[in-house]
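Some labels used for a structure rest on cut-offs. The questions below ask how such labels were reached.

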Amino acid sequence: MANITKKSEIVELIAEKSGFTKKDSATMYEALVEVVAEGLEGLELEENLTLPKICKFSAIRRDARVGRSPQNPEQELQIPASKRLKITTFPSLKEMVKEIL
């Protein structure tokens with residue numbers, strides 16, 4: 001399978017695998033994207049959004065820390081605390097990738 005970079009390519013693959021029309025497959029894809037976006041929008045610290053067999057999205061807190069300026073490594077920068085999104089793939093997805101590669 002080639003590098004998939006477009007929505008239309010994903011929709012076409014969904015249609016081929018499921019037997020649904022491309023229009024129905026596009027609707028399913030859009031619904032999935034909407035569900036994930038809504039789930040991420042309301043994600044609080046320490047909460048998860050899971051896509052079974054694929055990945056888990058987690059909201060994590062990065063503590064404030066000291067960093068270095070890339071232009072002047074001697075200069076220290078204060079990096080403020082922030083909320084980040086962590087994505088963890090499941091072992092089943094990792095195994096699929098190992099088998100393919």
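The questions and answers that follow concern a predicted model.

Q: What makes the pair E30 and K7 a salt bridge?
A: The N to O distance between the side chains of E30 and K7 is 2.4 Å. The cut-off is 4 Å between a side-chain nitrogen of Lys or Arg and a carboxyl oxygen of Asp or Glu, so the pair qualifies. E30 belongs to helix 2 (residues 22-41) and K7 to helix 1 (residues 7-18), with their positions 23 residues apart, so to speak, as distant parts of the chain.

Q: Why is E30 called partly exposed?
A: Its relative accessibility is 34%. Buried would need a value under 20% and exposed a value over 50%, so E30 falls in between. K7, at 38%, is partly exposed by the limits just used.

Q: How do you know that E12 and K22 form a salt bridge?
A: The closest N and O atoms of E12 and K22 are 3.9 Å apart, and the limit is 4 Å, so the pair counts. This pair also links distant parts of the chain: E12 is in helix 1 and K22 in helix 2, 10 residues apart. E12 has a relative accessible area of 36%, which lies between 20% and 50%, and is therefore partly exposed.

Q: What makes K98 and E95 a salt bridge, and where do the two residues lie?
A: Their closest N and O atoms are 3.8 Å apart, which is within 4 Å, so the contact is a salt bridge. Both residues lie in helix 3 (residues 91-100), three residues apart, about one turn of the helix. The structure holds four salt bridges, among them the pairs discussed here.

Q: Why is K98 called exposed while E95 is called partly exposed?
A: K98 has 60% relative accessibility, over the 50% limit, so K98 is exposed. E95 has 42%, which is not over 50% and not under 20%, so E95 is partly exposed.

Q: Why is the protein described as more spread out than a compact globule?
A: The radius of gyration is 19 Å, whereas the globule rule gives 13 Å for 101 residues. The value is well over that of the rule, so the description follows. The chain has three helices and five strands, in the order α-α-β-β-β-β-β-α. Along the principal axes, the C-alpha trace spans about 60 × 35 × 25 Å.

Q: How many of the residues count as buried, as a percentage?
A: Of the 101 residues, 14% are buried, that is, under 20% relative accessible area.

Technical notes
Residues are numbered from 1 along each chain as its sequence is written. This is a predicted model: local features need pLDDT of at least 70, side-chain atom pairs count only at pLDDT 80 or more; totals for chains, interfaces and linings use all residues. Side-chain values use heavy atoms; hydrogens and water are left out. Helices (H or I, at least four residues) and strands (E, at least two) are DSSP runs, numbered from the N terminus. Buried means under 20% relative accessible area, exposed over 50%, partly exposed in between (1.4 Å probe, protein chains only). The radius of gyration is taken over C-alpha atoms; the globule rule is 2.2 Å times the number of residues to the power 0.38.
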